[in-house]
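Student: I have a model open and I'd like to learn how to read it. Could we go through a few features together?
Tutor: Happy to; let's get it on screen.

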Amino acid sequence: MSVPFFRSPWQTRELAEQMGQRVTELLQSGHYILGPQVQQFERALAEHFSHDTQAVAVNSGTDALVLALQLLGLKAGDEVIVPAGTFIACYEAIVRVAATPVLVDSLADDFLCSAEQIERLITPRTRAVLAVPLFGDSSATPAIAQRCQKHDLALIEDIAQALGAHTRDTNGRCQQAGTMGDISTASFYPTKTLGAAGDAGAVISSRADLLERARALRNHGRAGAFHSEVGFNSRMDELQAMVLAEGIARLESWLQERRSIAAQYLQHLAGVSDVTLPHQREGHAWNYFVLRSHRREALKEALARRGIDTRIYYDPPIHQQPSYLQRYAPIVLPNVESHSRQALALPLFPGMTASEIEQVVEAVHAASNTLCQ
Ligand SMILES: *Cc1c(COP(=O)(O)O)cnc(C)c1O
């Protein structure tokens, strides 16, 4: 029996059949874009956050990032500090608005970067920080938010991998991922903690002025008969909104499953030689369970031979990608570079069976035993 890297909850027969009926109704309704399903999902998403938050549904997490940067008024000459250890979309969005991405290394023993590392890169041209709770771990965000306040910088939280995560600030107060900055962006790409059956994203904020503009910008800058500014087409379709409204009602139970699987991996893989496990942190959403190994390629192959599908996030890192080197001079970020050579994500998804979890654990032990002989 093989274990896939990911299986969407919508693939399971019960949910697929349940949604099938509703898809038929939706097709018959003739209302396909920005309709009642989108409104309902936007309300449900806003209610997920404790503050007085609003959400605007868009076409992808990448579009949400571009919109967020545009809403904050970022423009040519402005510097935005962003982790180098993240998905390429974070870098692309900054380039899209003509601002300058300033890439920050991660810590030696963590995929995240620290507030101190960010603070060292602040210049008179710095306007914003794009914080990324990578793999679902938002533990570094409160300190980053504090530095942003101190230096009067805008903070964008890209919670593409951390919807449902929480952490504690220095006063011990619980902080939800997505509520610590000026504006947050989410992705509902199928593998995220809340996945659609296609592309979708959202912009989230408690600043009503920003979101009113977001609503216009996603639809060609349209407000009534007028096009108030040059926007783009980033509308969410009704089908994705319907799937997502169903999904968000299940998010808490999916997160519980993710946390339980991660806890089992952490317990049963502790001490495996040449495997560094991810940090266990309160409120981690465990979008991805990423370990590190000096023999990553061999481990990946050994797991594949045992039927276990894994993924690599992110290699090469942003600053070694052609799309970066076309524009900017080469830089060296030793920790991100070493993590990118060592990172390997194990299967982890809601609906994973006890036997699948056991197979992964056994395969990692077996692979490590053969590799370390
Ligand atoms: C997935 C992801 C995005 C992009 O989302 P899309 O919906 O695929 O455009 C942006 N940032 C991070 C950190 C992501 O993981």
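Student: Which residues in helix α7 are buried?
Tutor: Some ground rules before that. This is a predicted model, so local features need pLDDT of at least 70 and side-chain atom pairs count only at pLDDT 80 or more, while totals for chains, interfaces and linings use all residues. Residues are numbered from 1 along each chain as its sequence is written, and side-chain values use heavy atoms, with hydrogens and water left out. Buried means under 20% relative accessible area, exposed means over 50%, and partly exposed is in between (1.4 Å probe, protein chains only). Helices (H or I, at least four residues) and strands (E, at least two) are DSSP runs, numbered from the N terminus. In α7, residues 208–217, the buried ones are L210, L211, A214, A216 and L217.

Student: What do the buried residues of α7 pack against?
Tutor: Packing is read from contacts, meaning heavy atoms within 4.5 Å. Here the partners are β1 (54–58), α3 (61–71), β8 (183–187), β9 and β10 (222–223).

Student: Let's take one residue from β9. Is V203 buried or exposed, and what does V203 touch?
Tutor: V203 sits in strand β9, residues 201–205. Its relative accessible area is 0%, so V203 counts as buried. Leaving out residues up to four places away in sequence, V203 touches Q54, A55, V56, A64, L67, L71, I183, S184 and L211. L211 is also one of the buried residues of α7.

Student: And the ligand: how many residues surround it?
Tutor: A residue is near a molecule if one of its heavy atoms lies within 4 Å of it. There are 16 around this ligand, and the closest are T62, D158, Q161, S187 and K192.

Student: Which polar contacts should I look at?
Tutor: A polar contact is a pair of N or O atoms within 3.5 Å; within protein, one must be able to donate a hydrogen and the other to accept it, and residues adjacent in sequence count only if both atoms are side-chain atoms. In the side chain of T62, an N or O atom is 2.5 Å from a ligand oxygen. D158 places a polar side-chain atom 2.6 Å from a ligand nitrogen, and S187 has one 2.7 Å from a ligand oxygen. On its own the ligand has 380 Å² of accessible area, and the protein covers 93% of that. Such areas come from the Shrake-Rupley method with a 1.4 Å probe; for residues, only the protein chains shown count as cover.

Student: Now the backbone. Where are the cis peptide bonds?
Tutor: Check omega. The bond from Y313 to Y314 is cis, with omega near -10 degrees, and the bond from D315 to P316 is cis too, with omega near -5 degrees. Y314 is in the loop between α9 (296–305) and α10 (322–325), and P316 lies in the loop between α9 and α10 as well.

Student: Which residues other than glycine have a positive phi?
Tutor: Look at L34, with phi of about 45 degrees, and D152, with phi near 55 degrees. L34 is in the loop between α1 and α2 (36–48), and its 23% relative accessibility makes L34 partly exposed. D152 belongs to the loop between α6 (141–150) and β5 (154–158), and at 69% D152 counts as exposed.
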